[in-house]
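Me: Hi! I'd like to walk through this structure with you, starting from one residue and working outwards. Can you keep it simple?

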Amino acid sequence: MPATDIPNYQLYGQVTKPCADLEVHIQTIDAFNEKFGHFHHAHRHPDLYQISWITAGSGQHSIDTEAYELQPNSLYVLSPSIVHTCHSSTNLAGYVLHFSPSFLSNKYLEGFQSSFQVHQVSATDYELVNFVFQQIHREFNQVQTGSQQIIRAMIITLLAYLERSSFAAKSIADASNAMGLSQQFQQLVNQYFSTEKRLSFYAQQLHISTVYLKEVIKEMTGISASEVIQKRIILEAKRQLIYSQLTVSEIAYRLGFSDANYFFKYFKRYTGKSPGSYRKERK
């Protein structure tokens, strides 16, 4: 991995290996910060979900291009490959949980793919969430018979709570098929955005018509399918401009632009700024 790239880690500081088989890991924030300090530079975990449970203290968690204040009674959920940094206070407390997509059945992860979420936990739900993390931490460190099953059950409980928290005010039964299609489309965009920008390609992969794809994505996201692709390209461009030392031309090439000048115009059209100006402001 070139030194100018955004680092890909298993756990923080551990470079991803081709045969990485880490399935689950949990540690207290106290132990994590004691080992790595209170500032964690920009990185991503390509093969792990991360859920942070904050019980005390403060700080700032920057996720892609947005910054979020770390607050007690909060959950921060990151799917694989989300770029993030963290700067915490000396009294930040809680847990950091990582688990591989292969650790759970896909049906439990449908609502958490290709996204990040921030949840403020109510006082009535605090005991439940804290108990789940305490149990996972205890089973992970004791390694007794059945520990893996208990940890898996606890994570499923946590994901069920998060899903209920996210969609408590919504009826998702009638929209389940459209939601699933929208999620599949987003996954395909994340996989192919640098090489495929044609809607017809994604429609073919989903075995639907381009017209139907446009209708569903507009209904589920409020923006056009083309805009979803454009936003993903711009997001990755911003990531590389902020967190890497690649030149604008190198970034353009990585994003599938054969002409750096066209990338320059494309980026400015959607952000109002040139790549160089954006990088200078964010740096």
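Reply: Sure! Let's start at His43, whose side chain reaches the backbone oxygen of His41 at 2.6 Å. That is a polar contact, meaning a pair of N or O atoms within 3.5 Å; within protein, one must be able to donate a hydrogen and the other to accept it, and residues adjacent in sequence count only if both atoms are side-chain atoms.

Me: Before we go on, what kind of model is this?

Reply: This is a predicted model, where local features need pLDDT of at least 70 and side-chain atom pairs count only at pLDDT 80 or more, while totals for chains, interfaces and linings use all residues. Residues are numbered from 1 along each chain as its sequence is written, and side-chain values use heavy atoms, with hydrogens and water left out.

Me: Back to His43, then. Which strand is it in?

Reply: His43 sits in strand E2, which covers residues 39-43. Strands (E, at least two residues) and helices (H or I, at least four) are DSSP runs numbered from the N terminus.

Me: And is His43 buried or exposed?

Reply: His43 is buried, because its relative accessibility is 3%. The cut-offs are under 20% relative accessible area for buried, over 50% for exposed, and partly exposed in between, with a 1.4 Å probe and protein chains only.

Me: What does His43 touch?

Reply: Leaving out residues up to four places away in sequence, His43 touches Ile6, Pro7, Tyr9, Tyr12, Ile82, Val83 and His84. A contact here means heavy atoms within 4.5 Å.

Me: Where is Arg44?

Reply: Arg44 is in the loop between E2 and strand E3 (49-56). With a relative accessibility of 12%, Arg44 counts as buried. Its side chain makes a polar contact of 3.5 Å with the side chain of Asn8. Not counting residues up to four places away in sequence, the residues that Arg44 touches include Ile6, Pro7, Ser81, Glu236 and Arg239.

Me: You just mentioned Ser81. Where is that one?

Reply: Ser81 lies in the loop between E6 and strand E7 (84-88). Ser81 has a positive phi of about 80° although it is not a glycine. At 27% relative accessibility, Ser81 is partly exposed.

Me: What about Asn73's phi?

Reply: Asn73 has a positive phi of about 65°, and Asn73 is not a glycine. You'll find Asn73 in the loop between strand E5 (66-70) and strand E6 (74-78). Its relative accessible area is 24%, so Asn73 is partly exposed.

Me: New topic! Which residues touch the most other members of the largest nonpolar core?

Reply: Those are Phe185, Tyr202, Leu255 and Phe263, in a core of 31 residues. A nonpolar core is a set of buried Ala, Val, Leu, Ile, Met, Phe, Trp, Tyr and Cys residues joined through side-chain atoms within 4.5 Å.

Me: Which elements build that core?

Reply: The elements giving two or more residues to this core are helices H4 (176-192), H5 (199-206), H6 (210-221), H7 (225-243), H8 (248-254) and H9 (260-271). H7 supplies the largest share, eight residues. A second, separate core has 26 residues, including Ile26, Leu75, Leu97 and Phe133.

Me: How do H7 and H9 sit against each other?

Reply: They pack at an angle of about 105°, with their axes 11 Å apart. Axes are lines fitted to C-alpha atoms, for helices over the stretch in contact, and angles run from 0 to 180 degrees between N-to-C directions. H7 and H9 are therefore roughly perpendicular, the word for 65 to 115 degrees; under 35 is roughly parallel, over 145 roughly antiparallel, and the rest oblique.

Me: Which residues meet there?

Reply: On the H7 side there are Gln230, Ile233, Ile234, Ala237, Lys238 and Leu241, and on the H9 side Phe263, Tyr266, Phe267, Tyr270 and Thr271.

Me: Phe263 again! What else does Phe263 touch?

Reply: Not counting residues up to four places away in sequence, Phe263 touches Ala237, Val248, Ile251, Ala252, Leu255, Phe257 and Pro275. Val248 is in helix H8, and Val248 counts as partly exposed because its relative accessible area is 27%.

Me: Last one: how do H5 and H6 pack?

Reply: Their axes are 9 Å apart at an angle of about 95°, so H5 and H6 are roughly perpendicular to each other. Leu199, Ser200, Tyr202, Ala203 and Leu206 in H5 meet Thr210, Leu213 and Lys214 in H6.
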